[in-house]
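Visitor: Please pick one part of this structure and look at it closely. Then show me what lies around it.

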Amino acid sequence: MIELDARTLASLGDLELVARRVVDGFMFGTHPSRLQGAGVEFSQYRSYQPGDDIRRIDWKLFARSDRYFLRESEVETSVTVRLILDASDSMRQEEDGVSKFTFARLLAASLATLAFRQGDAVGLTALLAGGARAWPASRGRLNLNRTLRELERLSPAGAWPGWRDAEGALLSGSGRSITFVLTDLHERSTEIRAALRKLSALGHDVAVLHLIGRRELEFDYGDDLVFEELETGRTLDVSGSAVRAHYLASLDGALRAVELELGEQRIEYTRIRLDTPLDAALRQALVRRLRR
Amino acid sequence: MGFGWPPGLAALAALLVPLLIHLARRRPRSPVLVGTLRHLPGSTAPRRARSRISEPLLLAVRMLVLALLALFIAQPFLDRHRPSRPPRALLVIPSAIPEVTLRRLLPALDSLQAAGLETRELPMADLWSELAELDAGLPPGSSIVVAAPFALPVTGARPALESAVSLHRFDWTRDSSSSGDATQALHVSVIADTSHRVAAARHVAAFQAVAERRGDSLVMEASSSDDGWIAWLSDAAPSPAVLERVRAGGTLLTAGSASSAGHEAVTAQRLGSGLIIEAAAVGAPPVDASFPELIARIWPDPTVLSPTEPEPGRISTSQLLPARVSRTDRADVPRTELGSVLLALAFALFLFERWLSHRPASAPRA
């Protein structure tokens, strides 16, 4: 199986094509019955009522019982996939030519494509400077194309907005939904975790896809360094060897803390490294749901 | 300002080290763009990055610290004399000069003062210590001209002075109003054998010429006084009686062995308290012009020719000049050692450097 690394896929430029390839790669070897599209899974029978579409009558059952029954499927109970994309400046952080935002965009497109194939509705919310931009969830190819187009147009700006600015977009939509939050979890105080906490408290099924680079995880930056914080522009001269241990300890503590905190709130947390092939990343994002 | 150990200044070469490192590492570094600096240590954490000598201010401070340490090694000091004072030239005359003599010297002193020479009167009871005291108060490069009578009252070891000292003699005892005798008598005995009779007459004439030129009187006598002059014009050796007079303090002029060494040869040797001067010009017939010149040169102090240790109290001025030293070589020059000051300054700068290198690294960029 060919690894679909984000750098190669990003160079293709066509988000729809990329997403399709990722989803194809993801579907490869997956048991199809577990992820059949909505509407094919049996739910219940009900008696025919005048006005019902006669094409939905179960003729085999009619042959056995001589009565008209309509077969109802899961189509009406399908979920809405909401993609919340962290489009703050910190997502510009790059590793090996791939920024976190590019990776998040590809992963979001793949999730949207997968949801479309399953017949789920897909909604997109981008959080960036000045608040949130939301595109309401909808089904169909038209919506998928619109979602992919918006993803292509988005570029990071500013910081994750406060709850007041983002509340409207984050709480839009109703019904059963899965909310994927693609973020680097870099926050000025606790604005991201606060938003996640509130979403979870309001009954949303939230899955956080935490994007992090290998060098960021291992502090593989060399020795003679000037760091620049993307959102603030602050710079810091450091000696890599002098600060490495402190950095790794601090990062490890922060990761443990956030994982614990999200777990307590029943928020699914998945850490995805930027050097992970996209189909594998997609599998990581969905692995817990595949097991359900 | 001077240095106790000037080779220590070679340590200034250490300044090149941070400078070269700075130049070598001056290449611009592209920043690593990261999402957050939260996990990087704050101001309390060690930051070798600043010790990388990338900042000009840090570089300057570090070089200054090194320079101060290098200067410390060279053991700097400050003379208490203000180095800004210009050198001075002093004319030192004895304070014992009679008023009338001083009046006579006044035009000359005025002209010397006009030429930039300051006149200072010293008792000269202990010339060396007085000169040393005077020298200690003078700025470097000064000069002292001592114009003193013939007999300089010098005792003890010659001092080492920084100022250039020159000694000039003048005979102030000739002052008529003070001594009552306007002239100094030159007592001369010319002893000649028959073959030098003509020469004897010419020698007498030469002595007279010298005396006239100097304004002194000439006393010709058959038996000169003990400190008089005797011209021995004979091929024979001087008689024992003559030598005895010389031992008593007389001055014997004789051709002696110097006649074979040419007209210009003049030698002198001591005999008791007196002096035997052997000069080719003496007794050489005909007497040429060099004889009066010789007399003029050595009269009234023939000891200028004496290479031997002079008689106490009658010392040749050529042997008098104090040794000249630079002030830094003199242990007795009052100094202000700067070592501890430099060390303290270097330490303070080092603390400043530490603060600079560990100060909060960055402010938000505009």
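Guide: Chain B has nine helices and 16 strands. Helices (H or I, at least four residues) and strands (E, at least two) are DSSP runs, numbered from the N terminus. This is a predicted model: local features need pLDDT of at least 70, side-chain atom pairs count only at pLDDT 80 or more, and totals for chains, interfaces and linings use all residues. Residues are numbered from 1 along each chain as its sequence is written, while chains are lettered from A and ligands numbered from 1 in the order in which they are written.

Of the 366 residues of chain B, 26% count as buried. Buried means that 20 or more other C-beta atoms, placed from the backbone, lie within 10 Å of the residue's own. Contacts (C-beta atoms, placed from the backbone, within 7 Å) come next. In chain B, 73% of the contacts with a separation of 6 or more join residues 24 or more positions apart.

Now the close look: strand 6 of chain A. This strand covers residues 121–128, and eight of its eight residues are buried. In a regular strand the side chains alternate between the two faces of the sheet. On one side of strand 6 of chain A sit A:A121, A:G123, A:T125 and A:L127; on the other sit A:V122, A:L124, A:A126 and A:L128. Both faces are covered.

Which strands flank it? Strand 3 of chain A (residues 80–86) runs parallel to strand 6 of chain A, joined by seven bridges. Strand 7 of chain A (residues 131–138) runs antiparallel to strand 6, with six bridges. Two strands pair if DSSP finds at least two bridges between them. A:T125 links to both neighbours: A:I84 stands opposite it, and A:A134 is its bridge partner in strand 7 of chain A. Strands 6 and 7 of chain A form a hairpin with two residues between them. In that turn, A:G130 has a positive phi of about 85°.

Step outward through A:V122. A:A112 touches this residue, along with A:A19, A:L83, A:L144, A:T147 and A:L148, not counting residues up to four places away in sequence. A:A112 is also among the residues with the most contacts inside the largest nonpolar core, together with A:L83, A:L107 and A:L111. That core has 66 residues. A nonpolar core is a set of buried Ala, Val, Leu, Ile, Met, Phe, Trp, Tyr and Cys residues joined through C-beta atoms within 7 Å. Helix 4 of chain A (residues 100–117) gives the most to this core, with 12 residues. A second, separate core has 27 residues, including B:V188 and B:F207.

Helix 4 of chain A has a partner. Its axis and that of helix 5 of chain A (residues 141–153) come within 10 Å and cross at roughly 180°. So helix 4 of chain A is roughly antiparallel to helix 5 of chain A. Angles over 145 degrees count as roughly antiparallel. Axes are lines fitted to C-alpha atoms, for helices over the stretch in contact, and angles run from 0 to 180 degrees between N-to-C directions. Helix 4 of chain A makes the contact through A:R105, A:A108, A:A109, A:A112, A:T113 and A:F116. Helix 5 of chain A answers with A:R141, A:L144, A:T147, A:L148 and A:L151.

Methods. Buried ≥ 20, exposed ≤ 12 C-beta atoms within 10 Å, placed from the backbone. Contact = placed C-beta atoms within 7 Å. Parallel < 35°, antiparallel > 145°, perpendicular 65-115°, else oblique.
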